[in-house]
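Good morning, and thank you for joining. I would like to take you through one structure, beginning with its packing and ending with a pocket.

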Amino acid sequence: MIRVLLRRHAAIPALALALALPLAAAAQTAPDPLPGRDAHDSHALTRWIGLPHERQLLVLQSLGVAVPQDYFNCVCRAAGYGSPGTAQFYHPDTLGDYDKRYSCQHPGPPCIVSGFGCLRHDLPTDPAIFERCAALAGLEGGNPMDNILEALADRANRTALPGNPVVMNADPLGRPQADCAKARAEAGLAPPAADAVPPEREIYTISPETMKLLYDVALEPELKQRLINVIREAMAAGHQIIPGDEADLRFDIDAGDYGFEAAVSIDAQKRLHISEIIVKKQINKKYADTWGKLNAEGGLKLSYSDPDEGTFLPGSKVTGGKVGLSWEYGRIEAKYGIDINTSSKATDYYDGEWRNASENRLVRGLEDVLSNLDFYGGGAVNVKEVALPGEGIKISVGVESGWKLKDRYSNWVFSDMHEALDDLLDNQKQWEEQRHAYIDREAQRFGIDARCFATGEAISLVHAAYEKAKAADPSIVAPFQTITEKIAERRRIATEPPAPPTVRRTPTPAPAPVHEGIWPRVFER
């Protein structure tokens, strides 16, 4: 929000300077001069502190004064908005991923209190807080209050800053980058695992084993080398194709009316295997030159298998088939058809408790058939083509992507249910983030950087550090005491015997009044 505000108009520096000019006015006398400041300087700083935070930033920008985030972190902590077990810091922009439902995940008041939830607060307006934090040792650039006064005195020669005047830290709490290799080594744990490469940045190449198999193919040396070069280029360019539910490197042999296609894929464990074997038959010879080739296609779908399993194709096993149509025009091919997955059954969709399979065999059989069927759509792009011996025979190498339609259709039909599930997962994520933040704060008390450890590792290290510190100082507060006390209280309430029921006694009715004299006879009438 602040970055957008600072860049919205070209006239912002002039506007901010107009806001800054009253700060330099010394016509009035500040009623309570700040310690160590004269009335003139106290009045100027008090006026700046009293401005809304967006205008404070405009003044700093126009005066060319940069302020480190650590300064405002100190101001927010000194305001005392949160309890001792919470993290308090400055961050007016979106914290984490944007979500309008949560106050800290969209721009707002700059002081964040995170711990048992996450809330935002305005900056305090007590000048003494700003002065104390400005006097902190080690602030980058020196005392911000002194810098503001110097800039006001020399404002005619100042150059406005082009962006946000607050120099934000990489870590919201202002901590330096974690040295996880050193931290884990000191804890006696294995070094951190290497960061996973995002799928869009993965580039595959030919392994030495595959290269040996290609060189053993009975082709002319020149043709063989061309084929290897084509495969290399197709694999290198494959990451540029947007992947669908299925992405394959395919080899398409065109022999006139018929075609043969084989696809190679990688499963979740990064194992290479043949994924499809397709046979195609051209069905529109008359208009093929004008409108492209229309083919009927059908074939087998395969997945990885152990070479020792004895399948008809070593290293691959049949998991279904596909029947459909394909349209080819130049290097582009589009596909649509029915996907058959024989590895799935209707029982995969039942949990055995709330949803059980039907007792009727006909219904169960129909459910099994429907669970195996899906519709697919997709396309392929041929990266390279190589002519093979024979009239009109060529092999094309490219990348193919396919999308399943049944899941997308069901997601649309049950969109409300999926939205509710997403909300549940978002709440779970919020809870996990608060839990990790709490563990992180407790770990910092004992000099442990929890960013370098899994949750269980961090908890174990904190308890071990506490036992060591307790031997030297028995009065030290145990870790996770806040949540431990809450759990103990809940267990006490849950296990204590119920209070005996209160017996409500019915009051004894008052005796009927006794009438004397003639009155009873009068009433009896």
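I shall discuss a helix, two nonpolar cores and a pocket, in that order. Please bear in mind that this is a predicted model.

Let me begin with helix H3, which spans residues 39-49. At its N-terminal end, aspartate 38 acts as a cap, with a side-chain oxygen 3.2 Å from the backbone nitrogen of histidine 40. Within H3, the buried residues are Ser42, His43, Ala44, Leu45, Trp48 and Ile49. An α-helix has 3.6 residues a turn, so residues three or four places apart point the same way.

Helix H3 also takes us to the largest nonpolar core, which has 29 residues. The members that touch the most others are Trp48, Tyr71, Phe72, Phe130, Met145 and Ile148. Two or more residues each come from H3, H4 (53-63), H5 (69-78), H6 (127-134) and H7 (144-153). As for isoleucine 148, leaving aside residues up to four places away in sequence, its contacts are Leu45, Trp48, Leu60, Leu63 and Val65. A second core, separate from this one, comprises 16 residues, including Cys180, Ala450, Cys452 and Ala458.

I turn now to the second largest pocket, which holds about 740 Å³ of space. Which residues lie nearest its centre? They are Leu95, Ser114, Glu433, Gln434 and Ala437, out of a lining of 32 residues. Strands E2 (87-90) and E4 (117-121) and helices H14 (415-445) and H15 (455-472) each give two or more residues to that lining. Helix H14 provides the largest share, 10 residues. By class, the lining consists of 14 nonpolar, 10 polar and 8 charged residues.

Thank you for your attention.

Notes:
Residues numbered from 1 in each chain as written. Predicted model: local features only at pLDDT ≥ 70, side-chain atom pairs only at ≥ 80, totals over all residues. Heavy atoms only, no water. Buried < 20%, exposed > 50% of the residue type's maximum accessible area, 1.4 Å probe, protein only. Helix = DSSP H or I, 4+ residues; strand = E, 2+ residues; numbered from the N terminus. Polar contact = N/O pair within 3.5 Å; in protein donor to acceptor, adjacent residues only side chain to side chain. Core = buried A, V, L, I, M, F, W, Y, C linked by side-chain atoms within 4.5 Å. Contact = heavy atoms within 4.5 Å. 1 Å grid on protein atoms, 1.4 Å probe; cavity = no way out; pocket = protein on both sides within 12 Å on 5 of 7 lines; lining within 4 Å. Points joined across faces, edges and corners; volume = space filled by probe spheres on them. Nonpolar A, V, L, I, M, F, W, Y, C, P; charged D, E, K, R; others polar.
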